[in-house]
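Here is a short tour of one protein model for someone meeting it fresh. Have a look at the picture, then read on.

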Amino acid sequence: TAAFQQEIACGVQRVEETEQLSKHVKEARLAAFRKICSTMVDKNILSSFMYKRLQSPEKLFHFRQSFALQLAPNSLLQYTFCVVERSPTRFVFSTKDAVMFA
């Protein structure tokens, strides 16, 4: 039984080391992501892209209005039906008429 207890202790130690390594890797990835976002990516990158794509303030206004009118009920339904894992990467929208597919 002593050998079995020693094996269990070694297994627990390996699990703890793996968890610590995993924590450090996550922290390093998060630090790299934040550095890239703060130094390389403009804060209004989506607005700039849409303005260039639509080519006039009026079209941009109508696009934003249509997008907001679709996003509100979509968000409400997601909350009502307890839909999880909804992040900006999971939304797709048409740049022509702001139709959103979520």
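Is Cys82 buried or exposed? Cys82 counts as exposed, at 63% relative accessibility; the labels go by relative accessible area with a 1.4 Å probe and protein chains only, where buried means under 20%, exposed over 50%, and partly exposed in between.

Before going further, note that this is a predicted model, where local features need pLDDT of at least 70, side-chain atom pairs count only at pLDDT 80 or more, and totals for chains, interfaces and linings use all residues. Residues are numbered from 1 along each chain as its sequence is written, and side-chain values use heavy atoms, with hydrogens and water left out.

Cys82 sits in the loop between α3 and β1 (92–93). Helices (H or I, at least four residues) and strands (E, at least two) are DSSP runs, numbered from the N terminus. Most residues other than glycine have a negative phi. Cys82 has a positive one, near 55°. Gln55, in the loop between α2 and α3, also has a positive phi, near 70°, and Gln55 is exposed, with a relative accessible area of 65%.

Now for the rings. The whole structure holds 1 aromatic pair (ring centres of Phe, Tyr or the six-membered ring of Trp within 6.5 Å; planes under 30 degrees apart are stacked, over 60 edge-to-face, the rest tilted). Phe63 and Phe67 make up that stacked pair, with 6.3 Å from centre to centre and 5° between the planes. They are 4 residues apart in helix α3 (residues 57–80), so about one helical turn separates them.

Here is how some residues of the model compare in accessibility:

| Residue | Relative accessible area | Label |
|---|---|---|
| Phe63 | 8% | buried |
| Phe67 | 23% | partly exposed |
| Gln65 | 41% | partly exposed |

Phe63 also belongs to the largest nonpolar core, together with Met50, Leu54, Leu60 and Ala98. Such a core is a set of buried Ala, Val, Leu, Ile, Met, Phe, Trp, Tyr and Cys residues joined through side-chain atoms within 4.5 Å. Helices α2 and α3 each supply at least two of its residues.

What does Ala98 touch, leaving aside its neighbours within four places in sequence? Ala98 is in contact (heavy atoms within 4.5 Å) with Phe63, Ser66, Phe67 and Gln70. Gln65, which lies in helix α3, is 33 residues from Ala98 along the chain, and their C-alpha atoms are separated by 8.8 Å.
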